[in-house]
Amino acid sequence: MKHAAAATAVDMLIVGAGFAGLYMLHKARRMGLDALVVEAAPSVGGTWYHNRYPGARVDIQSMEYSFSFDETLQQEWKWSERYAPQAELLRYANHVADRFGLRDGIHLSTRIAGAHFDEAARRWTVRTESGQSWSARFLVMASGPLSSPNLPDFAGLKEFAGPVYHTADWPHEPVDFSGLRVGIVGTGSSAVQAIPQIAQQARELTVFQRTAAYAAPAHNGPLDQEFEARIKADYAGFRARNRRMHGGFGSALPPNPVSALAVSAEAREAAFEQRWKIGGFALLGAFNDLLLNEQSNALAAQFVRDKIRAIVKDPETARRLSPTHTIGCKRLCVDSGYYDTFNRPNVRLVDISRQPIERFTASGLQSGAGHFEFDALVLATGFDAMTGTLMRLDLRGRGGLPIKEKWHAGPLNYLGLTIAGFPNLFNIAGPGSTSAFTNVVVAIEQHVDWIADCIAHLDAHGLATVEATESAEAAWAEHVNAAARRTVFLSCNSWYLGANIPGKPRMFMPLAGGFPQYAERCAQVARNGYEGFVLA
Ligand SMILES: Cc1cc2nc3c(=O)[nH]c(=O)nc-3n(C[C@H](O)[C@H](O)[C@H](O)COP(=O)(O)OP(=O)(O)OC[C@H]3O[C@@H](n4cnc5c(N)ncnc54)[C@H](O)[C@@H]3O)c2cc1C
């Protein structure tokens, strides 16, 4: 990459205008930094701009999945539903951009192609795909943990004559499936939300499933006004209590502090049932060891399988829909009528675990089980999670080291926030942090605040750069591994492990150690003068 003479100098360049980029820009401006955001999409909103498939909505309650940094913002915004739909979350992101006057600092429809660290200048030279460039002291990757859609290399996909939609890249004009035969590949979180909606419209829906999903009912509905008023009466207190929870949410219903193995079968069933009625992630808090102990986990898994058998009338379909892996090992799906959808006469389930897709044809797809015909195809095939977006960039640190080389065996980092050899680069909600196991907005706020404090520390001490040491990074990798080993998360093939992407190194990417412990560790590092970093 050329060091373009025309590169505009800024203090901070932020990649991405999702929740992370918006808050980072606001915070940087409040510190007096000359900061700007570069966003590939023509709008702010990130996840909630791109993922507009039918049924897309948040799986953390709206009153929690929102910014806490401004009391007036959280008081004035009104959510309509318990779990906000995509369109409302996108309106919220736009409201934040307007309310804090951020738009003039955001370059939309502009994709970053790469960034090189210039060791002499101690600055990042950042280049867009169209050749525009900036020279930035700080580079903040707010480019999203789930922002690179995974499109498997299916043979013959181009031959399929009908329209093909990816859930993470959904068209902006309405898609009408009325009267059509639709095929959907994938049964992860997005598919679990989309399938009930598409089934209501399509003439026929064929669901191609590789791995069955655990889903707990959302029991979504209009936001309870009395609940909203109670939270808003002490929103700051509610947020603080949530930040003390393992996943940064759910303080209104803390986990039951006993093991699933310590109670009678009747008491256990009653606890699961009570949590199932509440909905969402409440189920995983029915006991304190469901994600730590395989025996306890198996009891929760059986409870959900029993529910599936009770909901789905055809025993063979119920059997195929019943997952056999540990529950919670992949993020639990939060659904609205998912299992029940398979009782509809226009919906059928095709198991592609043992008879995989061989190829697409002009009229459908061929698997070991036969040829299946449809008019439109939906790919709900997820993301190259946590690392995909950075690995697609020409991102080079000290000595021109490409990130692809640095991360060839897995995403080495320190605190999830920084990378040795990549000074003054911060990665928000990425691998090595608890973000994937949290209410991500809470994780984003903690990251942005930490970055801001770090920069303030540098400036207060007349320092130019902050860079993680390789030894701190190695110790952090062991810390992340050790935390995963204490849980059930290593027991299945998930995107946490990179298992959904052929050839991706198997490394457990998110930190399973709990948000409060993680946040305290980050704070402690700062209190101790940024131990594990070289400040220069
Ligand atoms: C369908 C779906 C549902 C989700 N539901 C929940 C939920 O219920 N609860 C929860 O906690 N989390 C959820 N998440 C996770 C979600 O990603 C985070 O909650 C949060 O929105 C992440 O915000 P972000 O700003 O870090 O990243 P994003 O919102 O992903 O924003 C990143 C932005 O960076 C841009 N970008 C990337 N690369 C470049 C580049 N090279 N140049 C310029 N711009 C670039 C992208 O276009 C994108 O707009 C969900 C994710 C998905 C995909």
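Trainee: What volume does the largest cavity have?
Mentor: About 60 Å³. Keep in mind that this is a predicted model.

Trainee: And how many cavities of 30 Å³ or more does the structure hold?
Mentor: There are 4 of them.

Trainee: Back to the largest cavity, which residues line it?
Mentor: Going along the chain, you meet Pro411, Leu412 and Asn413, then Pro431 and Gly432. After those come Glu473, Trp476, Ala477 and Val480, and the lining ends with Met507, Phe508 and Met509.

Trainee: How does that lining divide into nonpolar, polar and charged?
Mentor: For the largest cavity you get 9 nonpolar residues, 2 polar and 1 charged.

Trainee: OK, how much space lies in the second largest cavity?
Mentor: About 50 Å³. Its lining includes the aromatics Phe67, Trp77, Trp79, Tyr92 and Tyr235. Met63, Ser66, Leu73, Gln74, Lys232 and Arg239 line this second cavity too.

Trainee: Which elements give two or more residues to that lining?
Mentor: Two helices do, α3 (71-76) and α7 (235-243). As for residue types, the lining of the second largest cavity splits into 7 nonpolar, 2 polar and 2 charged.

Trainee: Switching to the strands. What's the order in the open sheet of 5 strands?
Mentor: The order is β7-β16-β8-β9-β12, and the pairing is parallel.

Trainee: Which ones are the edge strands?
Mentor: β7 and β12 (347-351), since each of them pairs on one side only. On average, neighbouring strands in this sheet are turned by 20 degrees against each other, direction ignored.

Trainee: What holds strands together in a sheet, generally?
Mentor: Strands pair through backbone hydrogen bonds, and they can do that parallel or antiparallel.

Trainee: Then how many bridges do β8 and β9 pair over?
Mentor: They have 5, in the parallel sense, with β9 covering residues 204-209. If you want a spot to click on, Val185 stands opposite Phe208 in β9.

Trainee: Which strands does helix α5 lie across?
Mentor: Helix α5 (residues 189-201) lies across β8, β9, β12 and β16 (376-379). The helix runs at about 160 degrees to β9.

Trainee: I was also looking at Ala168. Where is it found?
Mentor: Ala168 is in the loop between β7 (164-166) and β8 (181-185).

Trainee: Is Ala168 buried or exposed, and why?
Mentor: Ala168 is buried, because its relative accessible area is 4% and the cut-off for buried is under 20%.

Trainee: What is Ala168 in contact with, leaving aside its neighbours within four places in sequence?
Mentor: His50, Asn51, Pro149 and Phe383. Tyr49 is worth a look as well: the C-alpha atoms of Ala168 and Tyr49 are separated by 9.2 Å, with their positions 119 residues apart along the chain.

Trainee: New topic: what's the phi of Met386?
Mentor: Met386 has a positive phi of about 70 degrees, although it is not a glycine. Most residues other than glycine have a negative phi.

Trainee: Where does Met386 lie?
Mentor: In the loop between β16 and α12 (388-391). Met386 counts as buried, at 4% relative accessibility.

Trainee: And what about the phi of Ala429?
Mentor: Ala429 also has a positive phi, near 60 degrees, and it is a residue other than glycine. You'll find Ala429 in the loop between β18 (425-427) and α14 (440-460).

Trainee: Buried or exposed, that Ala429?
Mentor: Ala429 counts as buried, with a relative accessibility of 2%.

Key
Residues numbered from 1 in each chain as written. Predicted model: local features only at pLDDT ≥ 70, side-chain atom pairs only at ≥ 80, totals over all residues. Heavy atoms only, no water. 1 Å grid on protein atoms, 1.4 Å probe; cavity = no way out; pocket = protein on both sides within 12 Å on 5 of 7 lines; lining within 4 Å. Points joined across faces, edges and corners; volume = space filled by probe spheres on them. Nonpolar A, V, L, I, M, F, W, Y, C, P; charged D, E, K, R; others polar. Helix = DSSP H or I, 4+ residues; strand = E, 2+ residues; numbered from the N terminus. Buried < 20%, exposed > 50% of the residue type's maximum accessible area, 1.4 Å probe, protein only. Contact = heavy atoms within 4.5 Å. Pairing = 2+ DSSP bridges. Axes fitted to C-alpha atoms, helices over the stretch in contact; angles between N-to-C directions.
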